[in-house]
Each structure stands twice: as structure tokens, then as C-alpha cells.
Amino acid sequence: MATNHDDPIDPRLAEAIATLRDTPPSDDLWPEIAPRLAPRHPAGTLLLRWPTAIAAGLVIATASIGGTLLLLRGDAVAPAPSTAQASLATTANAVAAAHTPADQALQRAIGELEGRLALAEGSLDATTRDGIRASLDALDRAIADAAARQRATPDDARSAHYLTSALQKKLEVLRTLTRRTAIRT
Amino acid sequence: MPATFLLAAAALSGVATPDTVVRLRSGASIEIHSAMCGIMVRVGTEERLSVTGGSIEVDGGTAEVNCAWGQSSVMNITVPPSSRLEVSSVSGAVTLNGVTERLEVNTMNGAIRLTNGGGRTTLETVAGTVTVTNYRGVSLAVDAVAGVVTMEDVEVTGRLSAESINAGVRLRGVRAQSVSASSVNASVDFAGSLRPDGNYAFESHNGSITLTLPGSTSARLRVSSVMGDFETEIQGTLASGPRQAPTATPEPPRPGRGRTTPPAPPVPPRLDESDFTIVYGKGEARVTVDSFNGPIRVKVAK
């Protein structure tokens, strides 16, 4: 419910509030209640004992290293039917590791334009489509390189700059391509 | 569309004569559109627009030239020197010769070739190549996505920019106040001179960058590379970064007269990561060179 704290309080209500007094209970009930309560955890909390926790940590670490290696190997990304869809997946993976709000915003804009480009791709001739595909692949490799670099040297401002400028470059190219293909169609 | 500015039109027969001739006022805008037709534009000496292989419509101060849809021949067009020209083509090549006040060309996969151009020019293509030869103008901007950009003998008083995403950028005999040349996935080659008060930026993510400069160049070169190495044939002093400037392998000293060239500093086999500034001469021109994976070379012009 929306309230407006700037409204003046009703004088009758203020008067009633002024008459209220804090009345403590006659007996302290807490010593009786406390021993009867079992420890409680929020719904969905998973309790792990030490051996289980260590095993889970090892699994997470292995999965993380494997995922990074997969991303760094450009040829490990399976080709998808659409240029824009493949490009979107690669860029999203790369940028997910960066966690920079500005880069995430760039990624969202890139995703939107890639969606538009995918719709127009069918109207393009094979030469143009292949040229676009190869160029977006090159940009995705540059983004993946820069993202890997940033993960390796998170405190290096230059690494962050590389990633941001690679994303900006892709956004510029997609703007040009979507504008051009819109005119074409 | 009503032809309100049409002063003269003549339909003439014969292969070498134009289909349509229109007299235009000075500074008129001309838009040329084509899907598959090739476009050949020549800048004439009179305020006259003539077209062979296409149609002209004039509305106010703007003339529109169209090639028939589905036609795949070549339109030959002569435009006035004072015109502002916009050319768009899908797959037809665009060839232009001469200087107009302003020129903008867009193609999807048609090649763009500009010879003897000038003024203010913007050339853009998605999958075509761009070639500019013998240009003298105020500014020149070339954007390609998948095609090679080549410039030769280009002089610009203002800004020159050349970019390709997936193909190389080759600039030869370039003189400009400001140059920006970049590629994501291929090499950037620049051969030309640097003005003492000029600004220059060269960038490639995955390709090499080669600058061929006069030995007497006066420039402050900021080099940044992640995985590429750097070599220079021009002797410079290091202003920041590693203690010793990496240089190319020195030539063996020439024999005779008891004088030998002093040994140059040793060459590091590879600089995996570098960010430094080298000063050539008085360090007047400002140059930045950025590479991620590719090598950077500074060569002496022969």
C-alpha cells in the first residue's frame, strides 16, 4: 500500500498515540520457551557436513575450470544455425564472467541488435551473410580474449578497457548492420 | 514525383550518349540508388547531371537517379562538381572519378573504388572492398565490415579514418593531420609521414600493425600490446615502460676505414606484454599503437 509521509497526521490520531504506554508482561516467559525450540533454517537451506562440503567444493572448482577452458578455446563452441544466435551465446558467456555493470549493459544492447539482425538475415545474399558471419565471429573471439584477460588480471585497468572497447566495437558494427539491413529489406 | 527543378531533359539515342540530361543549380543534392546495377560516376565541369542506363527524377534541389529493379547493367553518370552526392548500392560496384563537394557511398557487397576524389567523403560497405587512390580533400572516412580497405596517395587536411572488422587496412603514401586505422582480425599497414602537430591511432586485435615512416620522424609513440611483440628500425628513446626499447636486430657493421657502427641494444625475443612510450626525434606527433595478439613493427621508409 502506498503511503505519503509528507501528509500531516490527524490530530485525533496523534492524541490517541500519545496516550499509549509500553506494558511489560507480568512474568518473563522466554526461559521456558527457549529450550523447546529446535534450530531452524530458511526453506531450501541445504545443510552440509564437512566431507560433503569439501566434495561439493571440488566439483564446483572443476566445473568452473572446465567452463573457462571451453570458453577460451574458440573452436570448442559448437556452431549454431544462426549467426546472431551463435554470436549472442559466445558474447554472453564471455561477459558473464566480467560482472561489470557497464559491460552487462553493452551485452544487453548487443543481444537486442543481434535479435533484429537474425530476423533480417534471410533477406541477405550469401556473400554478405558470410561476410557478416565471419566478422561477428572475429568480434566474438576478440571479446572472449579480452574477457579471459580480465579474469586473469582483474586489477588491470587495461584489461577492463580491452573488454569494454571490444563490446563497444561489436555494438557499433551491429548498429551499422541492422540499419543497413533494415534499409535493404 | 513532380519534376519541379527540371530545366532541360533530352532523350538521345546511341550507346555513348546519355539517356537523360538535367541542369541543376549549384550545390544540388544527388541521390543514386541501385540494387544490382554497377554505378560509374564521373565528375564533370558543368552544373549538369547526365545519366545513361538509368532514370532521373528531380524534386526541388534534389535529383534522384535510379537503376531499374532487377537490371544488372551499368549506369554511367556525370555529376556537377558542386554537388552533394549520395550513392547506395546492394551488390553493384560503385566507381567514382573526380571531386564533389561532399560524397557518401554505401554498399552491401559491392566494391567501392574512388579515384582523384576530394572534399568530404564517407565510404561504407558491409562485404565489399574499398579502394581510394589519389585523394586530396578535407576529410575521408572509410568503414568496411568484411572487405579490405586500401588507400594510396592520399592527402587530407583534417581527419582520415579507415576501419575493417575482418579484413586488412592498407594505407600507402598517406599524409593527414589525424589518422585512425583499425582492424579486428587482420593487419593494419601504414606508410606515410606524420605531421609534427598530428594525432595518429593504429589498432588491431588479432593482426599485425606495421608503420613505415621516414627515418627523420618526430613522434611520441605509445605502444600497448598484450600478446604481441614490438620491433623498431628507427632509433628512439624510451620515455616510459621497460628500461630498454626493443629494437630490430642490427645489421652487421660495414667493414673499412676502422669505423664500425656502435652495437644496438640486444633484441628481446618476445615481449609478451608491453605498455611503453618511445620518442623518435623531438617527439612531436602523437601516436598510439594498440595490439592484442599481433606484432607491432616500425620500419624505415626506403
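In this predicted model, strands β11(B) and β13 (residues 130-144) of chain B pair in the parallel sense, with four bridges between them. Within that pairing, Leu114(B) of β11(B) stands opposite Val132(B) in β13(B). Strand β11(B) also has a partner in β9 (residues 94-97) of chain B: four bridges join these two strands, which run parallel. Here Val94(B) stands opposite Ile112(B) in β11(B). The residues named in these pairings can be placed on the faces of β11 (residues 112-115) of chain B: Ile112(B) and Leu114(B) make up the covered face, while Arg113(B) and Thr115(B) make up the uncovered one.

Just along the chain comes a residue with a notable backbone angle. Asn116(B) lies in the loop that links β11 to β12 (118-125) of chain B, and its phi is near 60°, a positive value in a residue other than glycine. Asn116(B) counts as partly exposed because it has 15 C-beta neighbours inside 10 Å. A positive phi also appears at Asp153(B), where the angle is about 55° although the residue is not a glycine. Asp153(B), however, is found in a strand, β14 (residues 149-164) of chain B. With 14 other C-beta atoms within 10 Å, Asp153(B) is partly exposed.

The strand β23 (residues 296-300) of chain B contains Val300(B). This residue touches Gly215(B), Glu233(B) and Ile234(B), when residues up to four places away in sequence are not counted. Val300(B) and Thr217(B) are 83 residues apart along the chain, and their C-alpha atoms are separated by 9.4 Å. Val300(B) has 15 other C-beta atoms within 10 Å, so it is partly exposed.

On a broader view, the domain assignment of chain B gives domain 1 (1-81) and domain 2 (82-255 + 264-300). The contact between them takes 22 residues from domain 1 of chain B and 20 residues from domain 2 of chain B. On the domain 1 side, β2 (29-34) and β3 (38-43) of chain B each supply at least two residues. By class, that side of domain 1 has 13 nonpolar, six polar and three charged residues.

Chain A is built from other elements: it has seven helices and zero strands. Of its 185 residues, 24% count as buried. Among contacts in chain A between residues at least 6 apart in sequence, 72% join residues at least 24 apart.

The two chains meet in a contact that takes 19 residues from chain A and 19 residues from chain B. On the side of chain A that touches chain B, α6 (126-152) and α7 (157-184) of chain A each supply at least two residues. Helix α6(A) gives the most to this side, with 11 residues. Sorted by class, the side of chain A that touches chain B holds eight nonpolar, four polar and seven charged residues.

Helix α6(A) returns in the description of the largest nonpolar core. This core has 100 residues, of which Leu139(A), Ile143(A), Ala63(B) and Val145(B) touch the most other members. The element that gives the most to the core is α6(A), with nine residues. The core also draws at least three residues from each of domain 1 (1-81) and domain 2 (82-255 + 264-300) of chain B. A closer look at Leu139(A) shows contacts in both chains: leaving aside neighbours within four places in sequence, Leu139(A) is in contact with Ala166(A), Lys169(A), Lys170(A) and Val173(A), and also with Ile165(B) and Val184(B).

A word on confidence helps in reading chain A. Its mean pLDDT is 69, and 51% of its residues reach 70 or more. Among the elements of chain A, α6(A) has the highest mean pLDDT, at 91, whereas helix α3 (residues 50-72) of chain A has the lowest, at 45. Two stretches can be set side by side here. Over residues 1-6 of chain A, pLDDT stays under 50, and the model has zero contacts for them beyond four places in sequence. Over residues 59-81 of chain A the pLDDT is below 50 as well, but this stretch has 13 contacts in the model beyond near neighbours in sequence.

Conventions: Residues are numbered from 1 along each chain as its sequence is written. Chains are lettered from A and ligands numbered from 1 in the order in which they are written. This is a predicted model: local features need pLDDT of at least 70, side-chain atom pairs count only at pLDDT 80 or more; totals for chains, interfaces and linings use all residues. Two residues are in contact if their C-beta atoms, placed from the backbone, lie within 7 Å. Ala, Val, Leu, Ile, Met, Phe, Trp, Tyr, Cys and Pro count as nonpolar, Asp, Glu, Lys and Arg as charged, and the others, Gly among them, as polar. Domain bounds come from an automatic or database domain assignment. A nonpolar core is a set of buried Ala, Val, Leu, Ile, Met, Phe, Trp, Tyr and Cys residues joined through C-beta atoms within 7 Å. A residue is buried if 20 or more other C-beta atoms lie within 10 Å of its own, exposed if 12 or fewer, and partly exposed in between; C-beta atoms are placed from the backbone. Two strands pair if DSSP finds at least two bridges between them. pLDDT is the predictor's confidence in each residue, from 0 to 100.
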